[in-house]
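User: I would like to practise reading structural features one at a time. Please give me the general idea, then the case here.

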Amino acid sequence: MERLDPGFFGVPTLVLAERLLGKVFVRSMGPEGPLLKGRIVETEAYLGEEDEASHAWRGQTPRNRAMFGPPGTLYIYFTYGCHHMANIVSEPEGVPGAVLLRALEPLEGIGQMRLNRGTEELLALTSGPGKLTRALGIGPDLYGESLFGSRCWIEEAPELPAEAIGTSPRIGISRSTELPWRKFVAGSPHLSKIHAGTRGKKASGRLQS
(Lines give C-alpha, C1' and ligand atoms only; values in the text may rest on other atoms or scores of the structure.)
Protein backbone atom coordinates (compact mmCIF):
# COMPACT_ATOMS: atom_id res chain seq x y z
CA MET A 1 0.00 0.00 0.00
CA GLU A 2 1.06 3.59 -0.58
CA ARG A 3 2.62 5.42 2.35
CA LEU A 4 1.11 8.64 3.63
CA ASP A 5 3.15 11.68 2.67
CA PRO A 6 4.16 14.56 4.97
CA GLY A 7 1.28 16.73 3.81
CA PHE A 8 -1.21 14.33 5.39
CA PHE A 9 0.06 15.11 8.90
CA GLY A 10 0.45 18.89 8.66
CA VAL A 11 -3.15 19.61 9.62
CA PRO A 12 -4.86 20.70 12.84
CA THR A 13 -4.62 18.04 15.54
CA LEU A 14 -8.38 17.70 15.82
CA VAL A 15 -8.57 16.91 12.13
CA LEU A 16 -5.69 14.44 12.16
CA ALA A 17 -7.19 12.46 15.06
CA GLU A 18 -10.13 11.58 12.84
CA ARG A 19 -8.28 11.24 9.53
CA LEU A 20 -5.94 8.62 11.00
CA LEU A 21 -8.81 6.21 11.67
CA GLY A 22 -8.69 3.28 9.28
CA LYS A 23 -5.10 3.96 8.20
CA VAL A 24 -2.47 1.25 8.72
CA PHE A 25 0.43 1.75 11.13
CA VAL A 26 3.51 -0.25 10.13
CA ARG A 27 6.47 -1.17 12.32
CA SER A 28 9.48 -2.75 10.63
CA MET A 29 11.56 -5.02 12.85
CA GLY A 30 14.58 -4.67 10.58
CA PRO A 31 15.90 -6.35 7.42
CA GLU A 32 15.62 -9.84 8.92
CA GLY A 33 12.48 -9.23 10.95
CA PRO A 34 8.77 -9.12 10.15
CA LEU A 35 6.53 -6.19 9.36
CA LEU A 36 3.97 -5.59 12.11
CA LYS A 37 0.82 -3.90 10.87
CA GLY A 38 -2.30 -2.67 12.58
CA ARG A 39 -5.29 -0.64 11.46
CA ILE A 40 -5.81 2.47 13.60
CA VAL A 41 -9.22 2.23 15.28
CA GLU A 42 -8.93 4.68 18.20
CA THR A 43 -7.14 8.00 18.73
CA GLU A 44 -7.10 10.99 21.07
CA ALA A 45 -6.11 14.56 20.26
CA TYR A 46 -3.95 16.72 22.55
CA LEU A 47 -3.18 20.36 21.82
CA GLY A 48 -0.86 22.95 23.30
CA GLU A 49 -0.94 25.53 26.04
CA GLU A 50 -4.75 25.74 26.24
CA ASP A 51 -5.17 21.99 26.79
CA GLU A 52 -4.40 21.19 30.44
CA ALA A 53 -4.23 17.45 29.70
CA SER A 54 -1.44 17.97 27.19
CA HIS A 55 2.26 17.64 27.96
CA ALA A 56 2.72 20.94 26.11
CA TRP A 57 0.42 22.84 28.45
CA ARG A 58 3.29 24.65 30.15
CA GLY A 59 5.46 25.07 27.10
CA GLN A 60 8.41 23.21 25.65
CA THR A 61 10.61 21.01 27.84
CA PRO A 62 13.29 18.38 27.13
CA ARG A 63 10.65 15.70 27.61
CA ASN A 64 8.06 17.08 25.17
CA ARG A 65 10.32 18.70 22.56
CA ALA A 66 9.23 16.17 19.91
CA MET A 67 5.69 17.58 20.14
CA PHE A 68 7.07 20.82 18.69
CA GLY A 69 8.80 19.04 15.81
CA PRO A 70 7.69 18.54 12.22
CA PRO A 71 4.36 16.81 11.60
CA GLY A 72 4.70 13.07 11.18
CA THR A 73 7.17 12.76 14.07
CA LEU A 74 6.71 10.11 16.77
CA TYR A 75 6.44 11.45 20.31
CA ILE A 76 6.99 8.55 22.74
CA TYR A 77 6.65 8.88 26.50
CA PHE A 78 6.67 6.59 29.52
CA THR A 79 3.77 6.57 31.97
CA TYR A 80 2.34 4.68 34.95
CA GLY A 81 5.82 3.28 35.53
CA CYS A 82 5.31 0.53 32.96
CA HIS A 83 3.87 1.74 29.64
CA HIS A 84 5.16 3.62 26.62
CA MET A 85 2.66 5.69 24.67
CA ALA A 86 2.97 6.49 20.95
CA ASN A 87 1.81 9.83 19.60
CA ILE A 88 1.92 11.30 16.11
CA VAL A 89 2.91 14.95 15.94
CA SER A 90 0.60 17.31 14.05
CA GLU A 91 0.43 21.06 13.38
CA PRO A 92 3.21 23.12 11.74
CA GLU A 93 6.69 22.75 13.23
CA GLY A 94 6.99 24.80 16.41
CA VAL A 95 3.28 24.48 17.24
CA PRO A 96 2.60 21.71 19.78
CA GLY A 97 0.01 19.08 19.01
CA ALA A 98 -0.10 15.30 18.86
CA VAL A 99 -2.51 12.41 18.38
CA LEU A 100 -2.26 9.49 20.79
CA LEU A 101 -2.66 6.05 19.22
CA ARG A 102 -5.11 4.32 21.58
CA ALA A 103 -5.92 1.08 19.75
CA LEU A 104 -5.16 -0.89 16.60
CA GLU A 105 -6.72 -3.85 14.81
CA PRO A 106 -3.89 -6.37 14.23
CA LEU A 107 -3.41 -7.14 10.54
CA GLU A 108 0.05 -8.62 9.92
CA GLY A 109 2.86 -10.05 12.00
CA ILE A 110 0.33 -11.22 14.57
CA GLY A 111 2.55 -14.09 15.71
CA GLN A 112 5.30 -11.66 16.66
CA MET A 113 2.80 -9.38 18.37
CA ARG A 114 1.65 -12.33 20.50
CA LEU A 115 5.23 -13.06 21.49
CA ASN A 116 5.85 -9.41 22.34
CA ARG A 117 2.72 -9.22 24.47
CA GLY A 118 2.83 -12.70 25.97
CA THR A 119 -0.78 -13.44 25.10
CA GLU A 120 -2.64 -15.40 22.43
CA GLU A 121 -5.87 -13.41 22.74
CA LEU A 122 -6.29 -11.46 19.50
CA LEU A 123 -8.69 -8.87 20.90
CA ALA A 124 -6.28 -8.08 23.73
CA LEU A 125 -3.15 -7.63 21.61
CA THR A 126 -3.43 -3.95 20.72
CA SER A 127 -6.63 -2.79 22.47
CA GLY A 128 -5.00 0.01 24.43
CA PRO A 129 -2.16 2.53 24.06
CA GLY A 130 0.29 0.59 26.26
CA LYS A 131 -0.67 -2.74 24.73
CA LEU A 132 -0.09 -1.62 21.16
CA THR A 133 3.36 -0.18 21.83
CA ARG A 134 4.48 -3.42 23.47
CA ALA A 135 2.96 -5.52 20.68
CA LEU A 136 4.76 -3.47 18.03
CA GLY A 137 8.05 -3.10 19.90
CA ILE A 138 7.73 0.68 20.23
CA GLY A 139 9.93 2.17 22.94
CA PRO A 140 12.11 5.18 23.77
CA ASP A 141 14.51 4.43 20.91
CA LEU A 142 11.77 5.67 18.57
CA TYR A 143 11.39 9.04 20.32
CA GLY A 144 11.49 11.73 17.63
CA GLU A 145 11.50 9.13 14.83
CA SER A 146 10.12 10.29 11.49
CA LEU A 147 7.25 8.36 9.97
CA PHE A 148 8.93 8.77 6.60
CA GLY A 149 11.89 6.53 7.35
CA SER A 150 12.49 2.78 7.42
CA ARG A 151 11.41 1.83 10.95
CA CYS A 152 7.83 3.09 11.14
CA TRP A 153 5.35 4.51 8.67
CA ILE A 154 1.63 4.74 7.98
CA GLU A 155 -0.07 3.36 4.89
CA GLU A 156 -3.04 4.75 3.03
CA ALA A 157 -6.49 3.20 3.31
CA PRO A 158 -9.95 4.30 2.18
CA GLU A 159 -11.43 7.16 4.19
CA LEU A 160 -14.12 6.07 6.61
CA PRO A 161 -17.68 7.39 6.22
CA ALA A 162 -18.83 9.82 8.89
CA GLU A 163 -21.34 7.34 10.29
CA ALA A 164 -18.54 4.86 11.08
CA ILE A 165 -16.76 7.30 13.42
CA GLY A 166 -17.60 7.71 17.09
CA THR A 167 -16.65 10.53 19.44
CA SER A 168 -16.29 10.75 23.22
CA PRO A 169 -14.31 12.57 25.92
CA ARG A 170 -10.72 11.44 26.39
CA ILE A 171 -9.89 8.62 28.80
CA GLY A 172 -7.62 8.35 31.83
CA ILE A 173 -6.96 12.05 32.35
CA SER A 174 -7.82 14.38 35.23
CA ARG A 175 -7.86 17.75 33.44
CA SER A 176 -9.84 19.04 30.46
CA THR A 177 -11.94 15.91 30.84
CA GLU A 178 -15.00 17.33 29.12
CA LEU A 179 -13.46 17.80 25.69
CA PRO A 180 -14.81 15.30 23.08
CA TRP A 181 -11.41 14.64 21.54
CA ARG A 182 -11.38 10.85 21.46
CA LYS A 183 -12.23 9.38 18.05
CA PHE A 184 -12.82 5.73 17.25
CA VAL A 185 -14.21 3.29 14.71
CA ALA A 186 -17.67 2.62 16.07
CA GLY A 187 -18.32 -1.04 16.84
CA SER A 188 -14.72 -2.20 16.48
CA PRO A 189 -13.97 -5.09 18.86
CA HIS A 190 -10.37 -3.87 19.16
CA LEU A 191 -11.10 -0.64 21.06
CA SER A 192 -9.51 -0.03 24.44
CA LYS A 193 -11.57 -1.00 27.46
CA ILE A 194 -13.52 2.04 28.60
CA HIS A 195 -16.36 3.03 30.84
CA ALA A 196 -19.81 1.85 29.86
CA GLY A 197 -21.75 4.31 27.76
CA THR A 198 -18.92 5.66 25.62
CA ARG A 199 -18.38 2.77 23.21
CA GLY A 200 -20.20 3.54 19.99
CA LYS A 201 -21.27 6.96 21.29
CA LYS A 202 -21.69 9.73 18.73
CA ALA A 203 -21.19 13.38 19.52
CA SER A 204 -20.55 16.52 17.61
CA GLY A 205 -17.30 18.22 18.52
CA ARG A 206 -13.66 18.40 17.90
CA LEU A 207 -11.14 16.12 18.09
CA GLN A 208 -2.70 13.82 23.50
CA SER A 209 -0.08 13.23 24.98
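**Reading the features**

Analyst: Glutamate 120 is exposed, because its relative accessibility is 59% and the cut-off for exposed is over 50%. Keep in mind that this is a predicted model.

User: Which residue forms a salt bridge with glutamate 120?

Analyst: Arginine 114 does, and the closest N and O atoms of the pair are 3.7 Å apart. Arginine 114 has a relative accessible area of 25%, so it counts as partly exposed.

User: How many salt bridges does a search of the whole structure find?

Analyst: The search finds 12. Take arginine 182 and glutamate 42 as a case: their closest N and O atoms are 2.8 Å apart. Arginine 182 sits in strand E8 and glutamate 42 in strand E2 (residues 35-46), with the two positions 140 residues apart in the chain.

User: Are arginine 182 and glutamate 42 buried or exposed?

Analyst: Both are buried. Buried means under 20% relative accessible area. Another salt bridge joins glutamate 44 to arginine 102, at 3.8 Å between the closest N and O atoms. Glutamate 44 belongs to strand E2 and arginine 102 to strand E5, so this pair ties together parts 58 residues apart in sequence. Glutamate 44 and arginine 102 are both buried.

User: Which residues are linked in a network of salt bridges?

Analyst: Glu42, Glu44, Arg102 and Arg182 make up that network.

User: Next, backbone angles. What sign does phi have in most residues other than glycine?

Analyst: Phi is negative in most of them. Glutamate 91 is not a glycine, yet its phi is positive, about 65°. Glutamate 91 lies in the loop between E4 and strand E5 (98-108). Its relative accessibility is 15%, so glutamate 91 counts as buried.

User: What is the phi of serine 176?

Analyst: Serine 176 has a positive phi of about 50°, and it is not a glycine either. Look for serine 176 in the loop between E7 and strand E8 (182-185). Serine 176 counts as buried because its relative accessibility is 16%.

User: Now strand pairing. How do E3 and strand E4 run, and how many bridges join them?

Analyst: They run antiparallel, with 6 bridges joining E3 to E4 (residues 83-89). To follow the register, take one bridge: tyrosine 75 has asparagine 87 as its partner in E4.

User: How many residues of strand E3 are buried?

Analyst: Strand E3 spans residues 74-79, and 5 of its 6 residues are buried. The strand is mostly covered.

User: What polar contact does the side chain of threonine 167 make?

Analyst: It contacts the side chain of lysine 183, at 2.4 Å. Threonine 167 is part of strand E7 (residues 165-168). Its relative accessible area is 2%, so threonine 167 is buried.

User: Last, the nonpolar core. Which residues of the largest core touch the most other members?

Analyst: Phe9, Leu20, Phe25, Ile88 and Ile154 do, within a core of 51 residues. E5 supplies the largest share of this core, 6 residues.

User: What does phenylalanine 9 touch, not counting residues up to four places away in sequence?

Analyst: Its contacts include Leu16, Leu20, Pro71, Ile88, Leu147, Phe148 and Ile154. Glu91 is also one of the residues phenylalanine 9 touches. That is the glutamate with the positive phi.

Note on methods
Residues numbered from 1 in each chain as written. Predicted model: local features only at pLDDT ≥ 70, side-chain atom pairs only at ≥ 80, totals over all residues. Heavy atoms only, no water. Buried < 20%, exposed > 50% of the residue type's maximum accessible area, 1.4 Å probe, protein only. Helix = DSSP H or I, 4+ residues; strand = E, 2+ residues; numbered from the N terminus. Pairing = 2+ DSSP bridges. Polar contact = N/O pair within 3.5 Å; in protein donor to acceptor, adjacent residues only side chain to side chain. Salt bridge = Lys/Arg side-chain N within 4 Å of Asp/Glu carboxyl O. Core = buried A, V, L, I, M, F, W, Y, C linked by side-chain atoms within 4.5 Å. Contact = heavy atoms within 4.5 Å.
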